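Please work through the following exercises on helix packing and residue environment with the sequence and the model at hand. Each task is followed by a solution in steps.

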Amino acid sequence: MATRVGRRCRSDRADVRRRPGVTGYVAISSVALAVVVELDSFTDVEMSRRFAVLFAVMTTIAFQSWWTIAGYYSDQWFATSFIHSQAELQWGLVTAMIVSLVMGQLFMWYFDRIEHVGSRHRPVVPEEAS
């Protein structure tokens, strides 16, 4: 099937650069943050805000890197063409890192902006006026 783009006509299967899906990286980053919140809320683990965000960022980078490299090797083993070159693989890793860092900054902004009950500014037990 051919599509008309401007004055040129090209096939749908032409050499179109594939870009990594940022949506998947954001989803994994959100899941990593949810895991950190679950660990902090329901276990004896106590984390500072900065460490929690850093842990979520590093978990996201590690999982996305593993997933991207596993996808590359599965392409090699099964002779598919989802990832065309090592350059595309490396750009996928760079994109995963950038999305993780941006999401980490958004998490820090959220944590700094919202004071949760139990923080030093909003204690669980209200202080009595003397």
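The exercises begin with the chain as a whole, then turn to pairs of helices and to single residues.

The structure is a predicted model, in which local features need pLDDT of at least 70, side-chain atom pairs count only at pLDDT 80 or more, and totals for chains, interfaces and linings use all residues. Residues are numbered from 1 along each chain as its sequence is written, and side-chain values use heavy atoms, with hydrogens and water left out.

**Exercise 1. The chain**

Describe the secondary structure, burial and contacts of the chain.

Step 1. The chain holds three helices and two strands; helices (H or I, at least four residues) and strands (E, at least two) are DSSP runs, numbered from the N terminus. Their order along the sequence is β-β-α-α-α.

Step 2. Of the 130 residues, 24% count as buried. Here buried means under 20% relative accessible area, exposed over 50%, and partly exposed in between (1.4 Å probe, protein chains only).

Step 3. About 10500 Å² of the chain is exposed, and carbon and sulfur atoms supply 60% of that area. Such areas come from the Shrake-Rupley method with a 1.4 Å probe.

Step 4. Among contacts with a separation of 6 or more, 57% join residues 24 or more positions apart; contact means heavy atoms within 4.5 Å.

**Exercise 2. Helix 2 and helix 3**

Determine how helix 2 and helix 3 are oriented, and classify the residues of their contact.

Step 1. Two packed helices are described by the angle between their axes and the distance between the axes. Axes are lines fitted to C-alpha atoms, for helices over the stretch in contact, and angles run from 0 to 180 degrees between N-to-C directions.

Step 2. The axes of helix 2 (residues 49-78) and helix 3 (residues 86-113) come within 9 Å and cross at roughly 160°. Helix 2 is therefore roughly antiparallel to helix 3, given that angles under 35 degrees count as roughly parallel, over 145 as roughly antiparallel, 65 to 115 as roughly perpendicular and the rest as oblique.

Step 3. The crossing of these two helices is right-handed. A crossing is left-handed if the near helix is turned anticlockwise from the far one by less than a right angle, and right-handed if clockwise.

Step 4. Helix 2 contributes residues including Val53, Val57, Ile61 and Tyr72, which meet helix 3 residues including Leu89, Leu93, Met97 and Phe107. The contact of helix 2 with helix 3 divides into 13 nonpolar, seven polar and three charged residues. In this division Ala, Val, Leu, Ile, Met, Phe, Trp, Tyr, Cys and Pro count as nonpolar, Asp, Glu, Lys and Arg as charged, and the others, Gly among them, as polar.

**Exercise 3. The contacts of helix 1**

Establish how helix 1 packs against helix 2 and against helix 3.

Step 1. Helix 1 and helix 2 pack at about 135°, with axes 8 Å apart. That angle makes helix 1 oblique to helix 2, and their crossing is right-handed.

Step 2. Among the residues in this contact are Tyr25, Ile28 and Ala32 of helix 1 and Phe55, Thr60 and Phe63 of helix 2. By class, the contact of helix 1 with helix 2 has ten nonpolar, six polar and no charged residues.

Step 3. The axes of helix 1 and helix 3 come within 9 Å and cross at roughly 45°. Helix 1 and helix 3 are therefore oblique to each other, in a right-handed crossing.

Step 4. In helix 1, residues including Val22, Val26 and Leu33 meet residues of helix 3 including Val99, Met103 and Phe111. The contact of helix 1 with helix 3 comprises nine nonpolar, four polar and no charged residues.

**Exercise 4. Three residues**

Classify Thr60, Val26 and Ala79 as buried, partly exposed or exposed.

Step 1. Thr60 lies in helix 2 and is buried, because its relative accessibility is 1%. Beyond four places in sequence, Thr60 touches Tyr25, Ile28, Ser29, Ala32 and Ser100.

Step 2. Val26 belongs to helix 1 and, at a relative accessible area of 30%, is partly exposed. Leaving aside neighbours within four places in sequence, Val26 is in contact with Val99 and Met103. Val26 and Val99 are 73 residues apart along the chain, with their C-alpha atoms separated by 6.8 Å.

Step 3. Ala79 is placed in the loop between helix 2 and helix 3. With a relative accessible area of 70%, Ala79 is exposed. Although Ala79 is not a glycine, its phi is positive, about 55°.
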